[in-house]
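Hi,

Here is the structure I promised to pass on. Have a look at it first, and then read my notes below.

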Amino acid sequence: MDTMIFVVLGAGLSIGLGAIGSAIGEGYIAMNAIQALGRQPGASQKILRLMIIGQAITETAAIFALVMALVLLFGTDGSGTMKAVTYLSAGIAIGFGTIGSGFGAGLPGGSALKGMGRNPENSDVLTVQMIIGQAVTQTSTIFALTVSLILVTLTPEDSYVKMFAILGGAFAMGFGAIGPGIGDGIVAKNANEAVGRSPKHMGLLTRTMIIGQAITETTDIYSLVVALILIFVV
Amino acid sequence: MDKIGKLSTITFELFGQVITLNSTMILMTYIVIAFLAISAYLATRKLKQIPSTGQNMFEIIYEFIEEITLGTLGNKDGKSFVPFIFTIFVFVLAANWIGILPHITNFFGFIIAIIHQLFTGEAGQWVVDGITKTTFIPSQNTFYYFLFKFPEFQEPTRSINTDLALGILVFIIVHVNSIKKHGLLEYFRSYMGDIVPSKGWWILLFPINPFFYLNVISEVSSVVSHSFRLFGNIFGGFMILVIVSSLVKHFLIPVGLLAFFGIFAGIVQAFVFTMLAVTYIGQKN
């Protein structure tokens, strides 16, 4: 079978699915930026700056998907059925894996801008809080990127069980990353809203947010462990 | 496009193990270290009440980092971490930004070679390739040929080894600080979850406690996510730059991409890496 068929399919799945989440997240940030501008037209500089930083970090998920698509299209030279399956699996893992945290990273950005609309003086506190929230939200995408980079470089032995184990690992990581991405985003969104209301308690709120996100991410770690077992052990 | 798979490596044998070093990345890391050391020395040599440009620049960054660190860790605990956090930030920032420098030794080499060629005609030869493409290939016998052998500037953070080293460094600092502050027993108790009473000999049951293993895995995976976040962003920016540049024949568009992925993403990711390091320290403090 021609390896290229699976390479192009994997690249299409990777960026096609990977663009969904980030686009919605960035739109949410821009919506809140416009509402904040309507309330505080005087602080347009600060609002615009926060919007651009937030959107750039939200874009990370889509950039990961784009990079994997480009790696698959231009950087692969393996051949054979097993190699073809690993390429397709890499596309599936990163494609589904970016949906959740692309959307999730938009939520804290949006609520940070909502807080700016309330009081533009809190700009520094909100920026730091938003960046921490978004960075932790992206953990699930980073696990998906790790798994797909492993898959691209892997040369598995030739058997039907292994083939489906690799596909299963990709699905485990891809689907497993959707929920934690959105869940982390919800946690960070509400933490950001709380910081916007009482910026003095930022330390306490950040700590609580990180603990909450770490527990939300537990299911993502289950998926990562199962995916690695399926890829390496089975 | 041939840049992607190319690595210059040094291989040697030590105690029966074959060790491969990525020589370009090591060179780049030392260039970053030398740049930071020299500029920090020059900026702090004569400290003044009204700061000069160099001192001012360092003071802005230092005060910014100090404010964030003290805000997260508190005035008492945070004080001793500020130099470490500052070093991490400056190193990652310089490492992310070194990639935007042009291949300067090659450029000067070509200028010298072409002037040499105009006067003597022995510096190399012009190769006409197709209709529009003409390349100059310098001769290897000239004394300045070493200029062409220098590698171009690459971000050390583009290699996963640098990022993992930084991530593991932060991990060690976080846990050593936690053990030093709370004692080994209290430290272990924080891995037990809520099903274990906070006092007594229950601590010895940790091998059969499922929460223990789960917490250990989540700690280790935080190192992975911390380092791969930096790696993925810098490596991703590099891949997009190389592939798009070769698709548009290096015309104009890569400049804008370099501004976004080189300068902007470089500073944002350095800040994210530093902030997460502070947060991890504060979480276990």
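**Chain A: overall build**

For a chain of 234 residues, a compact globule would have a radius of gyration near 17 Å, and chain A comes out at 19 Å, which agrees. Bear in mind as you read that this is a predicted model.

Chain A is built from helices: there are nine of them and zero strands. Its C-alpha atoms fill a box of roughly 65 × 30 × 20 Å along the principal axes. Of its 234 residues, 59% count as buried. If you take the contacts in chain A between residues at least 6 apart in sequence, 90% of them join residues at least 24 apart.

**The core**

The largest nonpolar core has 117 residues, and A:Ala93 and A:Met173 are the ones with the most contacts inside it. The element that gives the most to this core is α2(A), with 17 residues.

Which residues does A:Ala93 touch, leaving aside those up to four places away in sequence? They are A:Ala144, A:Val147, A:Ser148, A:Leu151, A:Ala170, A:Met173 and A:Gly174. So if you want a place to start looking inside the core, try A:Ala93 and A:Met173, the pair with the most contacts there.

**Chain B: overall build**

Chain B mixes the two kinds of element, with eight helices and four strands. Along the sequence they come in the order β-β-α-α-α-α-α-β-β-α-α-α. The radius of gyration of chain B is 25 Å, well over the 19 Å that the globule rule gives for 285 residues, so this chain is more spread out than a compact globule.

The box filled by the C-alpha atoms of chain B, again along the principal axes, is roughly 85 × 55 × 40 Å. Buried residues make up 27% of its 285 residues. As for contacts in chain B with a separation of 6 or more, residues 24 or more positions apart account for 63%.

**A helix to look at in chain B**

I picked out α1(B), which covers residues 23-44. With 22 residues at 1.5 Å each, this helix should span 32 Å, and its end C-alpha atoms are indeed 32 Å apart, which agrees.

Which residues of α1(B) are buried? They are B:Met25, B:Met28, B:Thr29 and B:Val32. Looking down the axis of α1(B), you find its buried residues within an arc of 100 degrees, so they line one face of the helix. What they pack against is β2 (17-22), α4 (82-97) and α6 (160-189) of chain B. On the face of α1(B) turned away from the buried side sit the exposed residues B:Tyr30, B:Ala34, B:Ala37, B:Ile38, B:Tyr41 and B:Leu42.

**Where the chains meet**

Now for the two chains together: 31 residues of chain A are in contact with 28 residues of chain B. On the chain A side, the elements that give two or more residues are α2 (44-74), α4 (123-137), α5 (139-153), α8 (202-216) and α9 (218-233). Of these, α2(A) gives the most, with 11 residues. Sorted by class, the side of chain A that touches chain B has 22 nonpolar, eight polar and one charged residues.

You will notice that α2(A) turns up twice in these notes: it gives the most to the core, and it also gives the most to the side of chain A that touches chain B.

Cheers

Methods: Residues are numbered from 1 along each chain as its sequence is written. Chains are lettered from A and ligands numbered from 1 in the order in which they are written. This is a predicted model: local features need pLDDT of at least 70, side-chain atom pairs count only at pLDDT 80 or more; totals for chains, interfaces and linings use all residues. Two residues are in contact if their C-beta atoms, placed from the backbone, lie within 7 Å. Ala, Val, Leu, Ile, Met, Phe, Trp, Tyr, Cys and Pro count as nonpolar, Asp, Glu, Lys and Arg as charged, and the others, Gly among them, as polar. The radius of gyration is taken over C-alpha atoms; the globule rule is 2.2 Å times the number of residues to the power 0.38. A residue is buried if 20 or more other C-beta atoms lie within 10 Å of its own, exposed if 12 or fewer, and partly exposed in between; C-beta atoms are placed from the backbone. The expected span of a helix is 1.5 Å times one less than its number of residues. The arc is that of the directions from the helix axis to the C-beta atoms. A nonpolar core is a set of buried Ala, Val, Leu, Ile, Met, Phe, Trp, Tyr and Cys residues joined through C-beta atoms within 7 Å.
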